[in-house]
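Q: Please take a close look at one part of this model, the pairing of charged side chains, and then set it in the context of the chain. How many salt bridges does a search of the whole structure find?

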Amino acid sequence: MRTKSQVILNKTTLAGTTPVTSTIIPMDAVYSYCLQAIAAGSVIAGSYQLYASCIQGDVDGAEITDWAKVDSAVTLTTAGSTIINKDGIAYRWFKVVFTPASGTGTLTLVLSTKG
């Protein structure tokens with residue numbers, strides 16, 4: 001089984017309420033993944049939502065417009081880390097959208113996959 005770890009948001013500065021979207025990740029041949037969100041700085045409040053798509057797409061998935069929410073959004077109320085672990089997945093594409101509510105700081109998202 002092959003494993004891979006990649007940063008999909010790298011210390012992205014958060015201020016205001018403008019949503020931040022991660023890179024789009026192809027999930028071909030991925031059976032499971034773990035997403036770690038690392039919030040740093042002053043109090044960062046907001047939520048991140050995982051999205052997936054099964055639509056046929058090209059190499060980077062940039063043309064995908066139909067996205068479905070994966071579970072409920074995860075709320076952040078302070079600096080620190082959270083982890084989401086999923087297995088038995090079969091969707092083709094994956095992305096994360098973080099919507100800040102208040103505070104400033106940085107957000108890093110690290111995705112580890114197995115497949």
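A: **The salt bridge and its setting**

One salt bridge is found when the whole structure is searched, the term meaning a side-chain nitrogen of Lys or Arg within 4 Å of a carboxyl oxygen of Asp or Glu. The model is a predicted one, in which local features need pLDDT of at least 70 and side-chain atom pairs count only at pLDDT 80 or more, while totals for chains, interfaces and linings use all residues. Residues are numbered from 1 along each chain as its sequence is written, and side-chain values use heavy atoms, with hydrogens and water left out.

The partners are lysine 86 and aspartate 71, whose closest N and O atoms are 1.9 Å apart. Lysine 86 belongs to strand β7 (residues 80-87) and aspartate 71 to strand β6 (residues 68-76), so the salt bridge ties together parts that lie 15 residues apart in sequence. Strands here are DSSP runs of E of at least two residues, and helices are runs of H or I of at least four, numbered from the N terminus.

Aspartate 71 has a relative accessible area of 52% and is exposed; the classes are buried under 20%, exposed over 50% and partly exposed in between, with a 1.4 Å probe and protein chains only. Its backbone also deserves attention: phi of aspartate 71 is near 60°, a positive value in a residue other than glycine. Alanine 29, likewise not a glycine, has a positive phi of about 65°. Alanine 29 sits in the loop between β3 (25-26) and β4 (32-40) and is exposed, at 71% relative accessibility.

Two further lysines extend the picture. Lysine 95, located in strand β8 (residues 93-102), is buried but has no salt bridge, and the nearest side chain of opposite charge, that of aspartate 66, is 10 Å away. Outside its neighbours within four places in sequence, lysine 95 is in contact (heavy atoms within 4.5 Å) with residues including Gln49, Leu50, Tyr51 and Trp67. Lysine 4, in strand β1 (residues 3-14), is partly exposed, with a relative accessible area of 41%. When neighbours within four places are set aside, lysine 4 has contacts with Leu111, Ser112 and Thr113. Its C-alpha atom is 9.7 Å from that of valine 30, which is 26 residues away along the chain.

As to charge overall, the chain carries 8 positive and 7 negative charges, and their mean positions are 9 Å apart. Lys and Arg count as positive and Asp and Glu as negative, without His or the chain ends, each charge being placed at NZ of Lys, CZ of Arg, CG of Asp or CD of Glu.

The framework around these residues consists of nine strands and zero helices. The radius of gyration of the chain is 14 Å, close to the 13 Å from the globule rule for 115 residues, so the chain is as compact as a globular protein of that length; the radius is taken over C-alpha atoms, and the rule is 2.2 Å times the number of residues to the power 0.38. Of contacts between residues at least 6 apart in sequence, 83% join residues at least 24 apart. Buried residues account for 38% of the 115 residues. The accessible surface comes to about 6,200 Å², with 54% belonging to carbon and sulfur atoms.

Key: Areas by Shrake-Rupley, 256 points an atom, 1.4 Å probe, with all protein chains shown as cover.
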